[in-house]
Amino acid sequence: ENLELIRAAASRVLERKARLANRAPLALPEAPADRIAASALTWCGDVPAPLAKGQSVAVVVFDDDGIPGLGHELVNALTEAGLDVRPAALGTSITRVAASRFESLTADVERVVAVVGCRVRAWKGRAGLCKPLKAVLADLPPGRSTVVGLCGPYSLQGVVPAGVPVLLAYGDEACCQLAAAKALMGGEANGRLPVPA
């Protein structure tokens with residue numbers, strides 16, 4: 001008797017599977033995280049000209065937290081879009097050699113994108129970027145630089161040189177980096193600062 005019930009149940013399952021297999025696949029909606037990341041993007045200052053295919057762009061990651069792979073999604077997205085991306089990374093301890101490489105890299109390209117990662121952490125003992133990163137960030141070449149904040153606006157207050165536009169992504173997750181890459185290439189960024197600047 002139990003065997004008959006099991007066979008009948010299995011038959012119903014197989015019947016439903018067969019019916020579902022003949023249906024067109026469901027279109028998955030855009031992931032909520034992607035949609036939220038894109039809608040949060042905020043420009044501070046004048047919006048620069050979009051990055052264009054073939055342009056040489058130094059993408060320098062300012063990593064205040066030692067996050068493995070920080071900025072990789074953004075770099076990959078710009079590379080796949082056909083830009084001549086020249087990546088570099090700076091951490092909390094900057095040697096003279098690293099500072100010199102930064103200067104030569106940024107002097108040799110059409111555009112510079114400074115990608116800043118700075119998480120809020122109690123153990124850091126400070127708010128915002130470390131002094132070495134602040135010093136290098138203050139030397140961005142004017143007129144052709146853009147800062148992408150994979151952080152909140154507070155980490156960048158008083159650090160970015162006047163006239164350098166800032167695109168805030170509010171996080172360093174992959175969805176935030178990909179949304180920022182699209183905005184750098186002319187996509188929308190209609191978010192608002194959480195408080196007046």
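Here is a walk through this structure, from its overall build down to a single proline. Keep in mind that you're looking at a predicted model.

Let's start with the building blocks. The protein has six helices and six strands. If you follow the chain from the N terminus, the elements come in the order α-α-β-β-α-β-α-β-α-β-β-α.

Now zoom out to the overall dimensions. The C-alpha trace spans about 80 × 40 × 35 Å along its principal axes. A compact globule of 197 residues would have a radius of gyration near 16 Å, but this protein comes out at 23 Å.

What about inside and outside? Of the 197 residues, 40% count as buried. The accessible surface adds up to about 11,700 Å², and carbon and sulfur atoms own 56% of that. As for charges, there are 21 positive and 19 negative ones, and their mean positions lie 4 Å apart.

Next, think about who touches whom. Take the contacts with a separation of 6 or more: residues 24 or more positions apart account for 74% of them.

Pro-50 lets you see this kind of thing up close. You'll find Pro-50 in the loop between strand S1 (42-44) and strand S2 (56-63). Is Pro-50 buried, exposed or partly exposed? Its relative accessible area is 43%, so Pro-50 is partly exposed, because that label covers values between the 20% and 50% cut-offs. Setting aside neighbours within four places in sequence, Pro-50 is in contact with Gln-55, Arg-111, Leu-184, Met-185 and Gly-186. Then look for Arg-144: Pro-50 and Arg-144 are 94 residues apart in sequence, and their C-alpha atoms are 11 Å apart in space.

Note on methods:
Residues are numbered from 1 along each chain as its sequence is written. This is a predicted model: local features need pLDDT of at least 70, side-chain atom pairs count only at pLDDT 80 or more; totals for chains, interfaces and linings use all residues. Side-chain values use heavy atoms; hydrogens and water are left out. Helices (H or I, at least four residues) and strands (E, at least two) are DSSP runs, numbered from the N terminus. The radius of gyration is taken over C-alpha atoms; the globule rule is 2.2 Å times the number of residues to the power 0.38. Buried means under 20% relative accessible area, exposed over 50%, partly exposed in between (1.4 Å probe, protein chains only). Contact means heavy atoms within 4.5 Å. Accessible areas come from the Shrake-Rupley method with a 1.4 Å probe; for residues, only the protein chains shown count as cover. Lys and Arg count as positive and Asp and Glu as negative; His and the chain ends are not counted. The place of a charge is taken as NZ of Lys, CZ of Arg, CG of Asp or CD of Glu.
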